[in-house]
Amino acid sequence: MIRTVKNADAGGTDEAALLRNRAGLLSRRSFLAGSAAGVGALGLAGCATSDGMSLAEASRLYGPVPDEKFPIPAIDVSKVDPKYFRRTVRYNTKEAPGTIIVDPGNYYVYRIEDDGNATRYGANVGRDGFRWNGDAYVGRKSEWATWTPPAAMIKRQPEAAKWARGMPGGLDNPLGARTLHLYQNGAYTLYTIYASLDAESIGNGITSGCVGLLTQDMMHLFDRTPVKTKVVVLPA
């Protein structure tokens, strides 16, 4: 069973982050940087990260996605610790291929592959007091999902009440372009794995228990994850 911390209201990002951008509820610093940031990083093509990926390669991996319903800007990869760039790693586990494992203590999400490998993604996770662990499964998948702030969040942050009936999908929506909704025993837990354009959130605890990947990583995971996929959240 999932263990939730007392007073945790899953399903949203931290209130301070939600207030940083008065036009929306989630800071999207990378929106304004957009494609220009990606182009700037290409000028650093000769610089390699500690994981062997050049910033030019990272810029291509996290480049703009213009053909989406809401065109997605490039991630400013200079604001992401290179250890959080997507890569294939060795990972020993008894879980079946396709299983998603969340390691909040190290800010990673793994998709188990064949032959002892996993695709590893950098993540943001729940902040202190909002962390949880246990087994769940993907009960449904959403593209450009509507976000509805939990009642407890509205109580703490009255400004969120404007979205009590739901915030439509879009670039300012905290759930982003893709969302995996986590369930247990047929019931929605209110926790999600969601898409973030906030480069500086990766490697940090900022949410009310949800797990965020860079949008391009989330789209990669979303496309390879069917409904009913097992999700294991490790203790932090």
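Among contacts (heavy atoms within 4.5 Å) between residues at least 6 apart in sequence, 68% join residues at least 24 apart. The model you have open is predicted, so local features need pLDDT of at least 70 and side-chain atom pairs count only at pLDDT 80 or more, while totals for chains, interfaces and linings use all residues. Residues are numbered from 1 along each chain as its sequence is written, and side-chain values use heavy atoms, with hydrogens and water left out.

Begin with the whole protein, coloured by secondary structure, which shows 5 helices and 10 strands; helices (H or I, at least four residues) and strands (E, at least two) are DSSP runs, numbered from the N terminus. Of the 236 residues, 56% are buried, where buried means under 20% relative accessible area, exposed over 50%, and partly exposed in between, with a 1.4 Å probe and protein chains only.

Next, select strand S6, residues 178-184, where 7 of the 7 residues are buried, so the strand is largely enclosed by the rest of the structure. Arg178, Leu180, Leu182 and Gln184 point one way from S6, whereas Thr179, His181 and Tyr183 point the other way. Add strand S5, residues 134-143, which pairs with S6 in the antiparallel sense over 6 bridges (two strands pair if DSSP finds at least two bridges between them), and look for Ser142, whose bridge partner in S6 is Thr179. Then add strand S7, residues 187-196, which is antiparallel to S6 over 5 bridges, with Tyr183 opposite Tyr188. S6 and S7 form a hairpin with 2 residues between them, and Asn185 in that turn has a positive phi of about 50 degrees.

From here, move to Gly169, in the loop between helix H4 (151-156) and S6. Gly169 is partly exposed, with a relative accessible area of 22%, and its C-alpha atom is separated by 10.0 Å from that of Ser142, 27 residues apart along the chain. Leaving aside neighbours within four places in sequence, Gly169 is in contact with Phe70, Trp144, Ala145 and Thr146.

Now select strand S2, residues 100-103, in which Ile100 and Val102 on one side and Ile101 and Asp103 on the other are all buried. S2 runs antiparallel to S3, joined by 4 bridges, and Asp103 stands opposite Tyr108 in S3. The hairpin of these two strands has 4 residues between them, and there Tyr107 takes a positive phi near 65 degrees. S2 also pairs with strand S10 (residues 230-233), in the parallel sense over 3 bridges, and Val231 in S10 is the bridge partner of Ile100.

For the interior, show Ile75, Val80, Phe85 and Tyr110, which touch the most other members of the largest nonpolar core, a group of 27 residues; such a core is a set of buried Ala, Val, Leu, Ile, Met, Phe, Trp, Tyr and Cys residues joined through side-chain atoms within 4.5 Å. Helix H3 (55-61), strand S3 (108-112) and strand S4 (117-126) are the elements that give two or more residues to this core, and S3 gives the most, with 3 residues. A second, separate core of 20 residues includes Ile100, Ala123, Ala136 and Phe222.
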